[in-house]
Amino acid sequence: MSIDITIAIIITMVGASTPLLLAALGELVVEKSGVLNLGIEGMMLTGAVVGFAVTYDTGNPWLGILAAAFAGMAVSMLFAVLTLSLSSNQVATGLALTIFGTGFSALFGQAYTGKPIALFKSVFPDSLTDDRFLRVFFDYSPLVYFSLFMVFVVWWFLQKTRAGLILRAVGENDHSAHSIGYSVAKVRYGAVAFGGAMAGIAGACFPLILTPQWVEGLTGGRGWIALALVVFAAWRPGRLLAGAYLFGLIATMELYAKAAGGAFRILPSELWASLPYLATIAVLVMISMRRTKSSSAPACLGKPFMPNN
Amino acid sequence: MVRINRRNVLKIGGAAAALPLIGSRAFAQKAKVRAAFVLIGTPDDNGWNYGHDLGRRDMIEALGADRVETTTVTNVAEGPDSERVFRELAQQGYDIIFGTSFGYGDAMLKVAQQFPDVKFEWATGFKTASNLSIYNARFHEGRTVLGTISGMMSETGIGAYIGSFPIPEVVMGINAFHLAARKHNPDFITKVVYVDSWFDPAKEADAARALIDQGVDVITQHTDGPAALQVAEERGIIGGFGQGADMSAFAPKAHLTSIIDIWAPYYIKAVQSVLEGNWKEGSSWEGLAGGEVVIGPYNEKIPADVVAAADAAQAGIIDGSLHPFAGPITDNADTLRVEAGDVIDDGEFWGVDWYAQGVEA
């Protein structure tokens with residue numbers, strides 16, 4: 001494999017991984033606070049259509065990303081009100097959120113189909129992005145650097161700040177956190193809003209860095225892969241980064257291997273497509289075999305909090 | 001009020017028994033037909049589903065909204081889910097139901113058996129029943145024209161074909177494209193990537209990136225959207241082609257031409273025959289000659305000699321002097337599959353499970 005093709009694979013892989021990484025980072029924080037939001041796909045689609053629409057109308061992708069974040073946050077608040085204030089079932093409500101987001105984005109996007117926008121490309125000078133070797137560092141959309149920066153932010157927040165400690169406490173033992181005076185609902189609202197904003201931005205990645213168009217169902221089910229990724233990463237931001245790039249690499253290698261022909265073709269493409277899920281199952285098995293506290297799910301994950309005053 | 005007594009019951013019963021007899025004559029001609037369309041995606045995909053929806057709209061315009069009423073069910077997955085949709089439509093009393101995807105076949109055949117009075121139409125299907133017709137277009141004839149352009153314009157001599165699934169129609173599209181390209185460049189190579197989906201734009205785009213990174217400079221796709229074309233535009237390769245509809249808005253420089261599906265003539269004919277009460281089980285397979293497959297406008301950047309060759313290929317197919325699958329054809333395992341002077345005829349077409357020499361699949 002030549003150096004050029006290796007660099008090309010890396011660049012494509014990073015593009016494919018970025019929406020997964022962003023959405024999964026948001027969900028990681030949500031789950032750390034003890035909430036399971038299965039509505040990632042719906043929030044991503046909402047972010048994708050709003051991000052496309054605003055970018056198309058204003059010509060400014062930064063505004064598009066901002067709008068996508070707010071749109072994702074807005075629909076996540078529907079979920080938050082239902083599950084946190086009204087204590088509805090989180091699994092059912094999350095699935096409903098996906099169905100809602102799919103339908104809403106299709107409706108809202110009707111006016112925007114069949115219209116192209118420009119890709120949101122690297123802001124570095126051409127001398128860096130066109131360089132045969134340096135482009136592996138510079139030929140990416142700002143969204144890619146943002147996603148990497150957010151890995152650090154989420155890690156720092158959860159591990160190094162008092163607010164992060166409170167969030168984890170709420171996720172591990174909501175009643176204890178409540179009894180020493182922290183508002184479980186407030187913390188969880190904040191986490192869900194963050195998750196919604198990240199999913200919205202992840203959705204905006206599709207029209208802005210992958211395929212500059214809007215069509216119904218643009219995200220193609222990647223919200224579910226992001227969900228699997230959080231489990232795969234055992235709720236750790238660093239491992240999440242590795243997992244997102246691994247999942248992206250598997251998806252990318254499938255296509256490069258098919259295009260190259262030769263030995264890779266021996267693996268059926270269905271196997272490539274199922275590898276992320278198989279890997280997640282393998283990790284789940286490993287987690288349950290090890291039984292160490294640090295790598296297992298937050299103890300209150302998915303349970304509605306009802307204080308017994 | 002009709003009092004229910006023995007005499008009335010007999011009368012009503014007798015009338016009911018006679019109804020089917022009347023039905024075959026007096027009700028044969030319909031004042032208004034209710035037609036249903038089942039789509040695998042949505043009409044806004046700018047491709048396959050868009051083409052069918054356009055055909056539906058043109059059909060209403062041609063026959064008049066007072067004579068035909070339609071409904072469209074979108075995003076229907078192939079398989080068991082589609083069976084439920086077809087059954088519901090039949091129960092709701094639609095007279096004719098069009099299923100516009102290959103994978104609806106089993107469901108349609110099953111439901112058609114349960115509703116003998118409802119007419120079913122299976123696009124790209126391969127099996128008929130007394131109330132189920134199939135209709136298709138000879139897309140591969142369009143592929144021959146695209147292959148001609150690609151063979152003459154490609155500088156690397158490597159073209160790509162992004163496919164959905166390896167079904168006969170796609171396999172033969174690849175062969176038609178490749179054989180035409182090889183006429184103009186005997187060393188032409190066609191790289192095939194299946195994305196295992198009719199619709200996943202992000203994956204199609206990444207497939208296009210993977211192919212271009214490996215030397216491809218013309219791309220054609222057998223999936224439903226413009227994603228691959230947009231990558232071709234972004235990377236500045238020689239170009240690609242629209243599938244199902246003109247997609248030049250997405251890639252003004254890279255869009256060389258397109259294969260446009262025109263379904264309206266068939267839809268008009270089918271609904272008309274239900275109106276007139278003379279619908280028959282059948283199998284329709286028209287192409288360039290019948291106007292179901294049309295080559296869109298050429299990009300300005302295509303040189304005049306290439307345009308002439310493409311037009312000649314099109315004219316040859318229409319008048320029958322050029323057959324897309326004329327022998328000799330050798331497959332990519334070096335076996336002679338079609339003798340010189342022989343062709344792959346319509347019957348053999350659906351059984352081909354090999355790729356021509358030079359196809360990397």
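Biologist: What span should the 17 residues of helix 6 (residues 168–184) of chain B have at 1.5 Å a residue?

Modeller: The general idea is that the expected span of a helix is 1.5 Å times one less than its number of residues, where helices (H or I, at least four residues) and strands (E, at least two) are DSSP runs, numbered from the N terminus. For helix 6 of chain B that gives 24 Å, and its end C-alpha atoms are 25 Å apart, which agrees. Before we go on, this is a predicted model: local features need pLDDT of at least 70, side-chain atom pairs count only at pLDDT 80 or more, and totals for chains, interfaces and linings use all residues. Residues are numbered from 1 along each chain as its sequence is written, while chains are lettered from A and ligands numbered from 1 in the order in which they are written.

Biologist: How many of the 17 residues of helix 6 of chain B are buried?

Modeller: A residue is buried if 20 or more other C-beta atoms lie within 10 Å of its own, exposed if 12 or fewer, and partly exposed in between, with C-beta atoms placed from the backbone. Here the count is 14 of the 17, so helix 6 of chain B is largely enclosed by the rest of the structure. You can read helix 2 (residues 40–58) of chain A in the same spirit: its 19 residues should span 27 Å, and the end C-alpha atoms are 26 Å apart, which agrees. Of those 19 residues, 16 are buried. Just after helix 2 of chain A comes Gly59(A), with a positive phi near 75 degrees.

Biologist: How many helices and strands does chain A have?

Modeller: Chain A has 13 helices and zero strands. Its radius of gyration (taken over C-alpha atoms) is 20 Å, close to the 19 Å that the globule rule gives for 309 residues, so chain A is as compact as a globular protein of that length. That rule is 2.2 Å times the number of residues to the power 0.38. Along the principal axes, the C-alpha atoms of chain A fill a box of roughly 65 × 45 × 35 Å, and 49% of the residues count as buried.

Biologist: Which residues does Leu227(A) touch, leaving aside those up to four places away in sequence?

Modeller: Two residues are in contact if their C-beta atoms, placed from the backbone, lie within 7 Å. Leu227(A), found in helix 11 (residues 222–232) of chain A, touches Glu27(A), Leu38(A) and Ile40(A). Leu227(A) is buried, with 22 other C-beta atoms within 10 Å.

Biologist: Which elements give two or more residues to the side of chain A that touches chain B?

Modeller: In total, 29 residues of chain A are in contact with 29 residues of chain B. The elements you ask about are helix 1 (3–32), helix 10 (184–210), helix 12 (237–260) and helix 13 (269–290) of chain A. Helix 12 of chain A gives the most, with six residues. By class, this side of chain A has 15 nonpolar, eleven polar and three charged residues. Here Ala, Val, Leu, Ile, Met, Phe, Trp, Tyr, Cys and Pro count as nonpolar, Asp, Glu, Lys and Arg as charged, and the others, Gly among them, as polar.

Biologist: In what order do the six strands of the open sheet in chain B run?

Modeller: Strands of a sheet pair through backbone hydrogen bonds, either parallel or antiparallel. Two strands count as paired if DSSP finds at least two bridges between them. The order in this open sheet of chain B is 2-1-3-4-5-11, with parallel pairing. Strand 2 (68–73) and strand 11 (283–286) of chain B stand at the edges, each with a single partner strand, so one side of each is left without a neighbour in the sheet. Further in, strand 4 (residues 119–123) of chain B is joined by four bridges to strand 5 (residues 132–137) of chain B, where Glu121(B) stands opposite Ser133(B). Strand 3 (residues 96–99) of chain B also pairs with strand 4 of chain B over four bridges, and Ile97(B) stands opposite Phe120(B).

Biologist: Which residues point one way from strand 4 of chain B, and which the other way?

Modeller: In a regular strand the side chains alternate between the two faces of the sheet. Lys119(B), Glu121(B) and Ala123(B) point one way from strand 4 of chain B, and Phe120(B) and Trp122(B) the other way. Five of the five residues of strand 4 of chain B are buried, so this strand is largely enclosed by the rest of the structure.
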